[in-house]
Amino acid sequence: MNAPKPAAFSPPPPPPRLPLSEMVFEARTSLDQQEAAALRSILHALYDDDSLEDFLDEHASKFVSYSANSEQQLEWTILHNEYVSLMEQQIEEQVGRSGLLTSERLFALLREVGGTDERANAFIARVLSMGDYHAFCRLMDDRAAEAFALQQFKEQALSRQRQMTQLDAQLGME
């Protein structure tokens with residue numbers, strides 16, 4: 001006799017992800033409205049921090065040859081350490097301004113906030129890259145690839161514009 005096959009197990013679908021502004025209120029029962037507002041303020045301030053953006057933009061191109069399986073450049077380790085210091089300084093400054101959260105509480109909340117919100121995920125990737133050298137290198141490599149693609153797009157657009165200008169000049173001369 002053939003034994004009946006057990007029914008295939010399929011886990012329930014995950015709950016829908018909320019935007020960052022709603023996540024900080026809905027996802028935690030221990031987070032009050034003041035903490036939620038402070039967390040939101042800290043996340044936005046750090047995400048929009050020009051010194052962090054400048055650091056990433058200035059050094060991203062140095063990571064185009066990054067591969068986790070190849071030899072690691074000493075410069076990458078030095079830049080990772082600089083990045084960690086810069087992030088720690090900015091986080092401590094923002095936490096101090098909030099007056100409600102400690103750094104430990106902030107990091108605990110960040111682990112819970114991850115989701116589909118692009119800004120939250122970008123910031124969380126930055127924070128996680130503080131403690132993970134390879135995550136930092138991947139972040140920088142991705143940023144370098146984005147910058148390269150943008151530069152290629154701009155060059156193509158400029159080339160097309162020149163071609164159109166030349167065509168206009170030729171048509172105007174006839």
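## Helix 4: buried face and geometry

Helix 4 buries Trp 76, Leu 79, His 80, Tyr 83, Val 84, Leu 86, Met 87, Gln 90, Ile 91, Gln 94 and Val 95. The model is predicted. In it, helix 4 covers residues 74-98. The helix counts 25 residues. From first C-alpha to last, helix 4 spans 36 Å, close to the 36 Å expected at 1.5 Å a residue.

Gly 99 sits just after helix 4 and has a positive phi of about 70 degrees.

## Glu 93

Glu 93 also belongs to helix 4. Its relative accessibility is 32%, so Glu 93 counts as partly exposed. Buried would require a value under 20%. Ile 42 lies 51 residues away from Glu 93 along the chain, yet the two C-alpha atoms are 9.4 Å apart.

## Packing of helix 3 on helix 4

Helix 3 is formed by residues 50-59. Its axis and that of helix 4 lie 10 Å apart, at an angle of about 170 degrees. Angles over 145 degrees count as roughly antiparallel. The two helices are therefore roughly antiparallel to each other.

Helix 3 brings Ser 51, Leu 52, Phe 55, Leu 56 and His 59 to the contact. Helix 4 answers with Leu 79, Glu 82, Tyr 83, Leu 86, Met 87 and Gln 90. By class, the residues of this contact are seven nonpolar, three polar and one charged. Several of the helix 4 residues here are also buried, among them Leu 79, Tyr 83 and Met 87.

## The largest nonpolar core

The largest nonpolar core holds 29 residues. Within it, the most contacts belong to Phe 55, Phe 63, Tyr 83, Met 87, Ile 91, Phe 136 and Cys 137. Five helices each supply at least two core residues: helix 2 (33-47), helix 3, helix 4, helix 6 (118-131) and helix 7 (133-173). Helix 4 gives the most, with eight residues.

Phe 55, Tyr 83 and Met 87 thus appear twice: in the contact of helix 3 with helix 4, and among the core residues with the most contacts. In soluble globular proteins, nonpolar side chains tend to be buried together.

## The whole chain

The protein chain has seven helices and zero strands. The order from the N terminus is α-α-α-α-α-α-α. Of its 174 residues, 32% are buried.

Contacts with a separation of 6 or more are counted next. In the protein chain, 71% of them join residues 24 or more positions apart.

Key:
Residues are numbered from 1 along each chain as its sequence is written. This is a predicted model: local features need pLDDT of at least 70, side-chain atom pairs count only at pLDDT 80 or more; totals for chains, interfaces and linings use all residues. Side-chain values use heavy atoms; hydrogens and water are left out. Axes are lines fitted to C-alpha atoms, for helices over the stretch in contact, and angles run from 0 to 180 degrees between N-to-C directions. Angles under 35 degrees count as roughly parallel, over 145 as roughly antiparallel, 65 to 115 as roughly perpendicular and the rest as oblique. Contact means heavy atoms within 4.5 Å. Ala, Val, Leu, Ile, Met, Phe, Trp, Tyr, Cys and Pro count as nonpolar, Asp, Glu, Lys and Arg as charged, and the others, Gly among them, as polar. The expected span of a helix is 1.5 Å times one less than its number of residues. Buried means under 20% relative accessible area, exposed over 50%, partly exposed in between (1.4 Å probe, protein chains only). A nonpolar core is a set of buried Ala, Val, Leu, Ile, Met, Phe, Trp, Tyr and Cys residues joined through side-chain atoms within 4.5 Å.
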